[in-house]
Amino acid sequence: MAKKIGLEGSLAISEAVKLSNTDVVAAYPITPQTHIVESLAEMVANGELDAEYVPVESEHSAMSVCLGSSATGARTFTATASQGLELMHEVLYVASSMRLPIVMAVANRALSAPLSVWGDHSDVMAVRDVGWIQVFAENAQEAHDLVLWAFRVGEDPDALLPVMLNIDGFNLSHVTEPVLLNEQADVDKFLPVNRYPLPLHPDKPVTMGAFGPPFIYTEAKKAQEVAFSKSKDVIMKGWDEFEQVFGRKYSPIETYKTDDAETLLLTMGSLSETASLAVDNMRDQGKKVGLLRIRLWRPFPFTELRKAVANTKVLVVLDRCLSIGGPGGPVASEIRSALYDQEKRPKVVSLIGGLGGRDVTPTDFEYMVNRGVEIAEKGSDAEYEMIGVRE
Amino acid sequence: MTQEFIKFGKREITMDEPFAPGHRGCIGCGEALAVRLAMKALGRDVVIANATGCIEIISSPLPDTSWQVPWIHTLFENTAAVASGVESGLKVLQRKGRIPQKHVDIVAIGGDGATADIGIQALSGALERGHDFIYLCFDNEAYMNTGIQRSSATPYGASTTTAPAGKTSIGQQTQKKNMPAIAVAHGIPYVATASPSFPFDMMEKVKKAADVEGPAYVHILSVCDTGWRTPTNLSVTIGRLAVQTGIFPLYEVENGVYKLNVDKDLKPVADYLKKQGRFRHLSDDEIQKIQDRVTEEYAKLKAKVAG
Ligand SMILES: Cc1ncc(C[n+]2csc(CCOP(=O)(O)OP(=O)(O)O)c2C)c(N)n1
Ligand code: SF4
Ligand SMILES: [Mg+2]
């Protein structure tokens, strides 16, 4: 039987990295991610995890080490946040385009300036298009489970894609929660040994990362795009098999009291636990309010989203990221375009909040619902509104 | 002549070409020659990590490849880090018995820009961490792949497209960065300079670099006839003159001990400079300045050799 213990979000991740028998860890410190790579260092130093631990001199090199080790067929993990993720930016594209199944945890954090070590989603929203599978965990249990799933999916010969696991900085990375620690035997059942099809080795030479002249670049990108779209099947199969082995069910979108809801809140990450309290409150007041949480951010779950909002009048999207001068928060604008061609669709209201570690309380969520309905009814000149700003 | 070489040459040098003919390098490319010789020295039990630059571009247009050995290119500035990853991956997989037990040389290769400028941080990190790998810098003294822009390895007085000679400038106004000294400062077991114009010396050094345990760094001056504006048939000659004038001395540093490999009376630097379009604008005074500096630097090196 799996045991339930109190575990910080970061350690829930590193325990899963250990259970995955990870071969190479590239590590560079940055708050609020650092507990993950610190605890992995300890595991390697104590002989609990037989891995090469590469303490690199930057995040650019962390991801570059990951490219090299993943290309040899070694199971490869790293973690970062914020400035570190942006420093990796160009390397992230290479990882996905070269089909290297690296797994990376991102403890989401705001971007400078001003410097802020506290949480929001600005870092990950800047890497939406890098071609990685991207998921958001809500709690430590989910973070623990999704690491195993990430290796399982990324390394599947039908996927061969890197996977980014987002957890909210501090709210999740530094909070201790009860976690059912998975059993090694179950993990071994669920997660086969990595068999990368064309590893770098002199016994069978391969050329990786050749340059693409115009006559072939488009085709190379098309091939990548097709593989990425098809990864949805692998993702779903991964969650099905996860449920069979571990008994917990995961899906691209979570719904809470949505069935008869006229207004839906939409969040990503750990805030949805807070939002659900607001939903309960408003339900008690007789308001038909529900909650959606996107777990699978890339590939974007179009079908599931459209189905989930089909009977809703107002969809209030909370973005923890500002797209200055753009058409709304990044999540809200994607949802608007995902719904634009639907005959029946809710009004989408884009609200921005929870930036740089600003708390978002149940009361804030109630305000958002009310404000969202108001904007939907009366209209607004602005594409989006920032909430909770002190005048 | 060719027949004679095949008869006698193969006693000295393998006929195997891990870097296959048919690449897209310019006629007379000294860098391609250097890579070819380095690969002959290394053999086939290698993994190459290549930085963006001329070598990568001339050897890998999809769907063709010049590489008969495993090869990976990712970006411009991260090659030493990629090599660190390859080394770590193969090491742990061998330890866990998932791949055959066999010695594989991990070789990072990059130009002077990839090495001395944009990639110096990744290189320093990899040298400091002590990965068992070889770093070969193919130094053609500018960013050639993007059209002859200056790098920190461009020598004083050379005209490049971003440090052009003009009425108020002699071109490059800074002295060439001493990359081998920077490598030595990391306390790694083996550092050497080499030139394909001294092929046996160069191949010996590449082999030595492969044989030492831990990081090794070899800095190879590679004539670029296109960027240096020199006749295509003189690349080997000019490479030789760089050594014979003392501009690019051939030496090695084994565990901190310096050894000069070619030490004859130096020819005047003018013999080297005057053959190249990139130095054509230099006055006799400027050439004298360069001569003085070379004499001084050479003396410093000899002092290190004397210990
Ligand atoms: C981050 C980044 N900046 C700039 C470039 C453009 N770039 C590609 S190759 C190159 C020059 C390469 O010079 P060097 O390393 O000396 O190699 P060479 O081509 O001279 O052999 C440059 C500037 C790039 N690919 N990536
Ligand atoms: S530009 Fe110079 S280094 Fe590049 S291929 Fe041509 S000769 Fe070789
Ligand atoms: Mg160069």
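Let me begin with a term: a polar contact is a pair of N or O atoms within 3.5 Å, and within protein one of the two must be able to donate a hydrogen and the other to accept it. Please bear in mind that the structure before you is a predicted model.

I turn to chain A. Its domain assignment gives domain 1, residues 3-246, and domain 2, residues 253-386. The centres of these two domains of chain A, taken over C-alpha atoms, lie 28 Å apart. Where they meet, 27 residues of domain 1 are in contact with 24 residues of domain 2. The area buried between them is about 2200 Å², and carbon and sulfur atoms give 55% of that area. Three residues, Arg128(A), Phe136(A) and Glu138(A), supply 28% of what domain 1 buries against domain 2, more than any other three residues.

How many residue pairs are in polar contact across this interface of chain A? There are 18 such pairs. Seven salt bridges are also found between the two domains of chain A. As for Glu138(A), this residue forms a salt bridge with Arg293(A), with the closest N and O atoms 3.1 Å apart.

Which element gives the most to the side of domain 1 of chain A that touches domain 2? Helix H9(A) does, with five residues. By class, the residues on that side of domain 1 of chain A are twelve nonpolar, eight polar and seven charged.

Finally, chain B. The axes of helix H4 (residues 79-95) and helix H6 (residues 120-129) of chain B come within 7 Å and cross at roughly 35°. H4(B) contributes Ala80(B), Ala81(B) and Ser84(B), while H6(B) contributes Ala122(B), Leu123(B), Ala126(B) and Arg129(B).

Technical notes
Residues numbered from 1 in each chain as written. Chains lettered and ligands numbered in written order. Predicted model: local features only at pLDDT ≥ 70, side-chain atom pairs only at ≥ 80, totals over all residues. Heavy atoms only, no water. Axes fitted to C-alpha atoms, helices over the stretch in contact; angles between N-to-C directions. Helix = DSSP H or I, 4+ residues; strand = E, 2+ residues; numbered from the N terminus. Contact = heavy atoms within 4.5 Å. Domains from an automatic or database assignment. Buried area = accessible area lost by both parts, 1.4 Å probe. Salt bridge = Lys/Arg side-chain N within 4 Å of Asp/Glu carboxyl O. Polar contact = N/O pair within 3.5 Å; in protein donor to acceptor, adjacent residues only side chain to side chain. Nonpolar A, V, L, I, M, F, W, Y, C, P; charged D, E, K, R; others polar.
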